[in-house]
Amino acid sequence: MAKANLIGTSCAPFTCNGVITANHFVKVHTTAGQVIKSDAIADLSIGVAQGTTAAPGTQLAVQMYGVAKAVLGTGGATVGQELMVIAGESGAVGPASGPTAVTVCVALEAGASGSTVAVLLKTPCGKRPANT
């Protein structure tokens, strides 16, 4: 598996509250110390899941800063494009648009839906709303 944390940034440990897939964005759960998959354009994502798919109750490393790998959802991405979590796509990202969208990263590589590309993280302080 290719390295996903591209500049060796330290990751923070969390407990999964639900199944979380590597290279997908996560947000804080209402239970302290737990994360769930980001699944809406207005979610305040805190970072990208590292490692492999994690089951509920297991530990998960979350990369919050730097350059990471992320899975693209609907719309894919072009280099330099601001990306947001795509609603209903389990933490995948795509082109940022809409008045409530939160930009979580910038694409450093182009790719189609379903591909994994390098991104510059803008979490946990994403720009709200995107494109304003």
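Q: Which residues is valine 119 in contact with, leaving aside its neighbours within four places in sequence?
A: In this predicted model, valine 119 is in contact with Gly66, Val67, Ala68, Ala70, Leu83, Cys105, Val106, Ala107 and Leu108. To count as a contact, heavy atoms must lie within 4.5 Å.

Q: What makes a group of residues a nonpolar core here?
A: The members must be buried residues of kinds such as Val, Leu, Phe and Cys, joined through side-chain atoms within 4.5 Å. The largest such core has 16 residues, and Phe25, Leu83, Val93, Val104, Cys105, Val119 and Leu121 touch the most other members. Two or more residues each come from β6 (67-71), β7 (82-85), β9 (103-107) and β10 (116-121). There is also a second, separate core of 11 residues, which includes Val35, Ala49, Val62 and Met64. As a general point, nonpolar side chains in soluble globular proteins tend to be buried together.

Q: Why does leucine 121 count as buried?
A: Let's set the value against the cut-off. Buried means under 20% relative accessible area, and leucine 121 has 9% relative accessibility, so leucine 121 counts as buried. This residue belongs to strand β10. Leaving aside neighbours within four places in sequence, its contacts are Phe25, Val48, Gln63, Met64, Tyr65, Gly66, Ala68, Val104 and Cys105. Glutamine 63 is 58 residues away from leucine 121 along the chain, yet their C-alpha atoms are separated by 8.8 Å.

Q: How many of the residues in the chain are buried, as a percentage?
A: Buried residues make up 47% of the 132 residues. The accessible surface of the chain comes to about 5,700 Å², and 61% of that surface belongs to carbon and sulfur atoms.

Q: What pattern does the chain follow along the sequence?
A: The pattern is β-β-β-β-β-β-β-β-β-β. That fits the count of 10 strands and 0 helices. Contacts also link distant parts of the sequence: among those between residues at least 6 apart, 59% join residues at least 24 apart.

Q: How do you know that β2 pairs with β3?
A: Two strands pair if there are at least two bridges between them. Strand β2 (residues 25-28) and strand β3 (residues 34-37) are joined by 3 bridges and run antiparallel, so by the cut-off of at least two bridges they pair. Here valine 26 stands opposite lysine 37, while lysine 27 stands opposite isoleucine 36.

Q: Which strand is joined to β2 by 2 bridges?
A: That is strand β4 (residues 47-49), which runs antiparallel to β2. Phenylalanine 25 stands opposite valine 48 in β4.

Q: In what order do the strands close into a barrel?
A: The order is β1-β3-β2-β4-β5, and the pairing of these 5 strands is mixed. Neighbouring strands of this sheet are turned by 55° against each other on average, direction ignored.

Q: Where is histidine 29, and what makes its link to threonine 31 a polar contact?
A: Histidine 29 is in the loop between β2 and β3. Its side chain reaches the backbone nitrogen of threonine 31 at 2.9 Å. A polar contact needs a pair of N or O atoms within 3.5 Å, one able to donate a hydrogen and the other to accept it, and 2.9 Å is within that limit. Leaving aside neighbours within four places in sequence, histidine 29 is in contact with Asn17, Gln34, Val35 and Ile36.

Q: Which residue takes a positive phi in the hairpin of β2 and β3?
A: Glycine 33 does, with a phi near 80°, in a hairpin that has 5 residues between the strands.

Definitions and conventions:
Residues numbered from 1 in each chain as written. Predicted model: local features only at pLDDT ≥ 70, side-chain atom pairs only at ≥ 80, totals over all residues. Heavy atoms only, no water. Helix = DSSP H or I, 4+ residues; strand = E, 2+ residues; numbered from the N terminus. Buried < 20%, exposed > 50% of the residue type's maximum accessible area, 1.4 Å probe, protein only. Areas by Shrake-Rupley, 256 points an atom, 1.4 Å probe, with all protein chains shown as cover. Axes fitted to C-alpha atoms, helices over the stretch in contact; angles between N-to-C directions.
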